[in-house]
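The following exercises are to be worked through with the sequence and the three-dimensional structure at hand. Each task is followed by a stepwise solution.

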Amino acid sequence: MPNWGGGAKCGACEKTVYHAEEIQCNGRSFHKSCFLCMACRKGLDSTTVAAHESEIYCKTCYGRKYGPKGVGFGQGAGCLSTDTGDHLGLNLQQESPKPARPSTPTNASKFAKKVADVDKCPRCGKSVYAAEKIMGGGKPWHKTCFRCAICGKSLESTNVTDKDGELYCKVCYAKNFGPKGLGFGGLTQVEKK
């Protein structure tokens with residue numbers, strides 16, 4: 001029978017889909033109002049659709065129906081899913097359930113060592129993680145703690161000096177620990193008298 005309306009047939013309702021209301025997925029056309037998950041009937045768009053052969057699902061229902069099964073799958077990392085999918089018309093029961101993984105690490109001493117290996121900031125004494133680490137004076141510092149001990153000025157690799165495990169800007173270091181006398185910015189012979 002010829003297609004006398006000029007549009008493709010909707011993959012869900014089989015009625016004619018005109019260009020202004022058309023959404024295409026997997027080579028098939030849908031009305032915007034028919035572009036729904038086949039299980040939960042949630043509205044879909046190009047970022048939330050997951051197609052399987054001629055069926056369309058939201059990513060959650062697709063994962064429940066066609067994704068990996070077992071402990072920790074389908075609901076996010078580390079979660080045990082007890083959702084059977086019955087309310088969505090999905091048959092998610094497994095033929096042979098896999099045994100659950102132990103909830104504690106298999107090698108607790110290795111885990112404890114990994115946690116203990118986190119560097120401590122010399123200024124505040126708290127843990128310094130890689131995302132916030134700046135090295136200075138051979139030690140790891142937080143970005144917010146990487147300041148001159150005297151004036152509090154934020155430091156960079158070009159203006160940092162260290163003495164006895166503490167950081168200073170070059171100006172404060174020169175004033176407090178640099179050479180003294182005429183021409184060195186310290187007290188002059190005239191001022192001492």
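**Exercise 1.** Determine which backbone atom the side chain of Asn159 reaches, and describe the surroundings of Asn159.

*Solution.* Step 1: the side chain of Asn159 reaches the backbone nitrogen of Glu156 at 2.7 Å. This is a predicted model, in which local features need pLDDT of at least 70 and side-chain atom pairs count only at pLDDT 80 or more, while totals for chains, interfaces and linings use all residues. Residues are numbered from 1 along each chain as its sequence is written, and side-chain values use heavy atoms, with hydrogens and water left out.

Step 2: locate the residue. Asn159 sits in the loop between strand E10 (139–142) and strand E11 (160–163); strands (E, at least two residues) and helices (H or I, at least four) are DSSP runs numbered from the N terminus.

Step 3: assess burial. Asn159 counts as buried because its relative accessibility is 16%; buried means under 20% relative accessible area, exposed over 50%, and partly exposed in between (1.4 Å probe, protein chains only).

Step 4: list the contacts (heavy atoms within 4.5 Å). With neighbours within four places in sequence left aside, Asn159 is in contact with Lys153, Ser154, Tyr168, Cys169 and Lys170.

**Exercise 2.** Establish how many salt bridges the structure holds, and explain what the pairs Asp119 with Lys133 and Arg123 with Glu166 tie together.

*Solution.* Step 1: the structure holds 3 salt bridges, each being a side-chain nitrogen of Lys or Arg within 4 Å of a carboxyl oxygen of Asp or Glu.

Step 2: in the pair of Asp119 and Lys133, the closest N and O atoms are 3.0 Å apart. Asp119 belongs to strand E7 (residues 119–120) and Lys133 to strand E9 (residues 133–136), so this bridge ties together parts that are 14 residues apart in sequence. Asp119 is partly exposed at 31% relative accessible area, and Lys133 is likewise partly exposed at 33%.

Step 3: for Arg123 and Glu166, the closest N and O atoms are 2.2 Å apart. Arg123 lies in the loop between E7 and strand E8 (127–128), whereas Glu166 is in strand E12 (residues 166–169); the pair therefore ties together parts that are 43 residues apart in sequence. Arg123 is partly exposed at 31%, as is Glu166 at 24%.

Step 4: Asp164 pairs with Lys163, with 3.9 Å between the closest N and O atoms. Asp164 is exposed, at 74% relative accessibility, while Lys163 is partly exposed, at 29%.

**Exercise 3.** Identify which residues have the most contacts inside the largest nonpolar core, and what surrounds Cys37.

*Solution.* Step 1: a nonpolar core is a set of buried Ala, Val, Leu, Ile, Met, Phe, Trp, Tyr and Cys residues joined through side-chain atoms within 4.5 Å. The largest such core has 14 residues, and Phe35, Cys37, Leu44 and Ile56 have the most contacts inside it. Strand E6 (residues 55–58) supplies the largest share of this core, 3 residues.

Step 2: apart from neighbours within four places in sequence, Cys37 is in contact with Lys42, Leu44, Ile56, Tyr57, Cys58 and Cys61.

Step 3: a second, separate core has 11 residues, including Trp141, Cys145, Cys148 and Cys169.

**Exercise 4.** State how many helices and strands the chain has, and what percentage of its residues is buried.

*Solution.* Step 1: the chain has 4 helices and 12 strands.

Step 2: of its 193 residues, 24% are buried.

Conventions: Polar contact = N/O pair within 3.5 Å; in protein donor to acceptor, adjacent residues only side chain to side chain.
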